[in-house]
Amino acid sequence: MATSLGSNTYNRQNWEDADFPILCQTCLGENPYIRMTKEKYGKECKICARPFTVFRWCPGTRMRFKKTEVCQTCSKMKNVCQTCLLDLEFGLPIQVRDTGLSVKDEVPKSDVNKEYYTQNMEREIANSDGTRPVGQLGKAPSSSDMLLKLARTTPYYKRNRPHICSFWVKGECKRGEECPYRHEKPTDPDDPLADQNIKDRYYGINDPVADKLLKRASTMPRLDPPDDKSISTLYIGGLGDTVTDGDLKSHFYQFGEIRTITIVQRQQCAFIQFATRQSAEMAAEKSFNKLIINGRRLTVKWGRSQAARGKEGVKEGVSEMGTRLDPVPGLPGALPPPPALDEEAPANYFNLDPSSSPAVMNISLPPPPGINPPPPGFGPPMFHPMSHMAPPMPPPMSMRPPGQIHYPSQDPQRMGAHAAHGARQGE
């Protein structure tokens, strides 16, 4: 005969009562002053089906309300968030984390075995200090190269956005901007990411998000060491304002002796030179695509020698990173090279007649009024116009051929030249 929940205290002793949920930073939201509602024994856990305390809150402005989905016991067994069921340390699905750590934690799925397994895990959690996971996950290594490459370093608040308004999709939503749901076009229903199951994510099977991340991990690039054995310098990019030379030294000293650390604050990068090539190779292998310092993911690349940098120069159509750039349509082509100058030809800067004598340049002008001329023999040579030693005088401007132009202001083709010439003739 079934008994009521009020009289059957034996079944209620395993119900969970908590004061605060176990959440990741993304689900908690960016607002440090958050208000939650607490409902004691409000729902049953979607994994173990035991009643637990449900928390409900809004993570931010224009975000949807969120609530806890699983109990804290199931959350501690897998070290996941109670809402999104992603790993609390790496922010990755359980299937990806277990694959990276080579963990096979088979949680029973039948009701009787699940209850027995949960009671044993609760006893183990009570005997632990709470800083390390329990079960097979607690015995696994702390991290792996693949998890460090895929780990999310910053919260992804876009995941807290409201769902798409179904009335707007059908063209029947009359709320307008007051509608709490998103007015956007839905994704392709055949997309595997559109079909996600909370139990599959918890048990680590058939998770489309995990399959996408595992495929990304298999196609990640590698950092091959350069052929020049004299290069023992690593380039560290994306430092920002929080990473100092002390932080870099505390991380890279474990790989070998460091000769110099040069930080270029303007470009937010650093160059770390190791004493040996073997230390630089080990540091590049252990830090490429998985270096996180002060919450920032840093870029690790090999440095280039000065000789190779001078030989390469700037290649046409190739960026500094070595990737080929596509030509931009509509831009003009390269300018033609300047014509070769004849070294023997004299430089005629004033368009002077080459047949005229160079002595014309030595003709001095008469002194201005009020100034006595220099005595004979102390000034520039003066030639009389009628002397046979004097060079021929240039013809007047009106009798000169149009090709001989001394200054741009004497060009008859300039604007106003004909008017000025007519004014002179009128005088």
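This passage describes a four-stranded sheet, two sites in a helix, a set of ring contacts and an annotated region in a predicted model.

The model is predicted, with local features requiring pLDDT of at least 70 and side-chain atom pairs counted only at pLDDT 80 or more, while totals for chains, interfaces and linings use all residues. Residues are numbered from 1 along each chain as its sequence is written, and side-chain values use heavy atoms, with hydrogens and water left out.

Helices (H or I, at least four residues) and strands (E, at least two) are DSSP runs, numbered from the N terminus. Four strands make up an open sheet in the order β5-β6-β4-β9, and their pairing is antiparallel; strands are taken to pair if DSSP finds at least two bridges between them. At the edges are β5 (258-264) and β9 (299-302), each of which pairs on one side only. On average, neighbouring strands of this sheet are turned by 20 degrees against each other, direction ignored. Axes are lines fitted to C-alpha atoms, for helices over the stretch in contact, and angles run from 0 to 180 degrees between N-to-C directions.

Strand β5 is joined to β6 (residues 269-274) by six bridges, and the two strands run antiparallel. Within this pairing, T260 stands opposite Q273 of β6, and V264 has C269 in β6 as its bridge partner. The two strands β5 and β6 form a hairpin with four residues between them. In the turn, Q268 has a positive phi of about 55 degrees. Strand β6 is also joined to β4, by five bridges and again in antiparallel fashion. Here T233 is the residue opposite Q273 in β6.

Two helices pack against these strands. Helix α11 (residues 245-252) packs on the sheet and touches β4 (233-237), β5 and β6. The direction of α11 makes about 145 degrees with that of β5. Helix α12 (residues 277-287) lies across β4, β6 and β9, and runs at about 145 degrees to β9. Contact here means heavy atoms within 4.5 Å.

Two residues of helix α5 were examined for their surroundings. M121 lies in α5 (residues 111-127) and is buried, at a relative accessible area of 9%. The term buried means under 20% relative accessible area, exposed means over 50%, and partly exposed lies in between (1.4 Å probe, protein chains only). When neighbours within four places in sequence are left aside, M121 is in contact with M77 and V134. From C-alpha to C-alpha, M121 and C74 are 9.0 Å apart in space, with their positions 47 residues apart in sequence. T118 is also placed in helix α5, and at 2% relative accessibility this residue counts as buried. With the same neighbours in sequence set aside, the contacts of T118 are R50 and T73.

A pair of aromatic rings is described by the distance of the centres and the angle of the planes. Rings of Phe, Tyr and Trp (its six-membered ring) pair if their centres lie within 6.5 Å; planes under 30 degrees apart count as stacked, over 60 as edge-to-face and the rest as tilted. The structure holds five aromatic pairs. In one of them, the rings of W15 and Y41 have centres 5.3 Å apart and planes at 70 degrees, so the pair is edge-to-face. This pair links distant parts of the chain, 26 residues apart: W15 is in the loop between α1 (9-12) and α2 (25-28), and Y41 is in strand β1 (residues 36-44). W15 counts as buried at 18% relative accessibility, whereas Y41 is partly exposed at 26%. The rings of Y202 and Y203 are also edge-to-face, because their centres lie 5.6 Å apart and their planes stand at 80 degrees. Both residues count as buried, Y202 at 0% relative accessibility and Y203 at 15%. One aromatic cluster is formed by F252, F255 and F274.

Charged side chains also lie over rings, a condition met if NZ of Lys or CZ of Arg is within 6 Å of the ring centre and within 35 degrees of the ring normal. The charged end of K78 sits over the ring of Y202, 5.7 Å from its centre. K170 lies over the face of F167, at 5.0 Å from the ring centre.

For residues 159-186, UniProt lists "domain: C3H1-type" in an unreviewed entry. The feature "zinc finger region: C3H1-type" (unreviewed entry) is placed by UniProt at residues 159-186. UniProt positions are given in the numbering used here, feature names are shortened, and annotations may be inferred rather than shown by experiment. In the model, the span 159-186 is 14% helix and 0% strand, and its end C-alpha atoms lie 15 Å apart.
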